Amino acid sequence: MGKRILIWIILALFIYISLPFISDFIPSHELSYVSQKYVTDGPKEVGAQNLVTAIIVTYRGLDTLGEVVVLFIATAGIGFLLSRSRGKKKKRRESSIILQTGTKILFPLIIMFGIYVFINGHLTPGGGFQGGVVIASGILILLLALPDNPLHEFLLSFTESISGFAYVLIGALGLVVAAGFLDNKILPLGKFGQLFSAGAIPIIYSLIGLKVGAELVNILKHLKND
Amino acid sequence: MKIITGLGFILIFIGIWAMLTRKNMIKIVIGFSLIDTGIHIIMVSIGYIKGRTAPILNSAVDKARALTEVVDPVPSVLVLTAIVIGLAVTALLLVYVVKLYKYKKSMNIDDYGELKW
């Protein structure tokens with residue numbers, strides 16, 4: 001009984017501290033100072049149509065590198081926790097003919113859509129993280145349809161490590177050729193709004209897409225094997 | 001936008017309530033996920049400006065007048081980062097649940113008293 005009263009006291013305190021945020025909330029009418037700089041100078045400096053991508057990959061590129069590292073550490077933790085039960089092979093039931101046929105039609109389309117999303121990340125809504133998740137969902141349908149693990153272990157780890165390595169390498173190339181770490185001007189900026197524009201952003205975002213996709217597939221693989 | 005911010009706080013409230021009172025470990029993870037979503041909604045509502053469009057400078061937005069036509073891009077960036085981290089942490093929590101279930105074959109958090117004092 002005392003525990004329940006304590007819980008409700010905590011919840012009442014949460015309401016008390018959050019009420020000022022709601023009652024004193026003033027909707028913004030213009031952009032903040034930093035955003036004004038990003039919106040006015042972004043198209044000239046970075047050349048990406050999608051300003052969110054310009055901020056993620058170039059202005060705050062170091063944060064994105066850290067984010068990919070956090071994702072990698074979480075995946076490594078999952079692999080560490082679930083790696084013990086490798087030995088025994090369970091006999092799994094065959095999946096239904098509807099799922100198998102649907103997978104054959106859908107799998108290439110989903111992978112193609114994922115690649116489209118991350119290659120066009122600097123032009124349209126989307127980008128590496130979204131494209132990577134779409135690719136992982138395509139592999140998930142494959143894992144559901146084929147009961148034995150059909151994934152190529154070497155290809156998966158190869159994609160993951162090479163894309164992460166190339167991401168850091170391109171970032172370090174910016175130190176030598178352009179203004180600083182992860183600068184996108186190591187390639188010409190090109191014509192605003194075209195597919196081949198915004199310097200190194202499409203390459204970096206494709207690498208992020210491959211890395212995120214490979215890591216999420218790793219999580220799915222570990223959860224399925226367990 | 002005040003209503004949306006309030007709804008975000010209500011989601012966080014439900015999440016904290018679920019984490020504190022529920023006994024099933026999957027429901028505790030769902031409570032964590034609700035807190036995550038509530039914070040995302042609050043962050044997006046802070047960056048929203050009424051009557052403006054997404055921060056993508058295509059043919060629909062005049063590049064010279066972009067300052068008065070797009071919403072704040074920085075909260076969108078923060079939310080995009082937070083969603084990916086939230087996904088990774090939720091997956092890690094679910095794996096902890098799987099490991100704990102294998103250890104004692106129970107989903108009830110009260111059966112795991114080792115950390116109590």
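**Exercise 1. Find which residues T5(B) touches, leaving aside residues up to four places away in sequence, and decide whether T5(B) is buried or exposed.**

*Solution.* Start with the contacts, where contact means heavy atoms within 4.5 Å. With residues up to four places away in sequence left out, T5(B) touches F25(A), I42(B) and S45(B). Next, place the residue: T5(B) sits in helix α1 of chain B. Helices here are DSSP runs of H or I with at least four residues, strands are runs of E with at least two, and both are numbered from the N terminus. Finally, check the accessibility: T5(B) is buried because its relative accessibility is 2%. The classes are buried under 20% relative accessible area, exposed over 50%, and partly exposed in between (1.4 Å probe, protein chains only).

A word on the ground rules: this is a predicted model, in which local features need pLDDT of at least 70, side-chain atom pairs count only at pLDDT 80 or more, and totals for chains, interfaces and linings use all residues. Residues are numbered from 1 along each chain as its sequence is written, chains are lettered from A and ligands numbered from 1 in the order in which they are written, and side-chain values use heavy atoms, with hydrogens and water left out.

**Exercise 2. Describe the interface of chain B and chain A.**

*Solution.* First, the residues: 44 of chain B are in contact with 50 of chain A. Second, the area: about 4100 Å² is buried between the two chains, and carbon and sulfur atoms give 79% of that. Buried area is the accessible area (1.4 Å probe) that two parts lose on being put together, summed over both. Third, the polar part: five residue pairs across the interface are in polar contact, both residues being at pLDDT 80 or more. A polar contact is a pair of N or O atoms within 3.5 Å; within protein, one must be able to donate a hydrogen and the other to accept it, and residues adjacent in sequence count only if both atoms are side-chain atoms. Fourth, the elements: on the side of chain B that touches chain A, α1 (2-21), α2 (25-47) and α3 (73-104) of chain B each supply at least two residues. The largest share of that side, 17 residues, comes from α3(B). Last, the rule finds zero salt bridges across this interface, a salt bridge being a side-chain nitrogen of Lys or Arg within 4 Å of a carboxyl oxygen of Asp or Glu.

**Exercise 3. Look at three salt bridges and work out where the partners lie in sequence.**

*Solution.* Over all chains, the structure holds five salt bridges. Take D41(A) and K37(A), whose side chains meet at 3.5 Å, N to O. About one helical turn separates them, because they are four residues apart in helix α2 (residues 33-45) of chain A. D41(A) is partly exposed at 23% relative accessible area, and K37(A) is partly exposed at 38%.

Now turn to D110(B) and K23(B), a salt bridge at 3.6 Å, N to O. D110(B) lies in the segment after α3 of chain B and K23(B) in the loop between α1 and α2, so this pair ties together parts 87 residues apart in sequence.

Then take K104(B) and E114(B), with their closest N and O atoms 3.2 Å apart. This pair links helix α3 of chain B, which holds K104(B), to the segment after α3, which holds E114(B), 10 residues apart.
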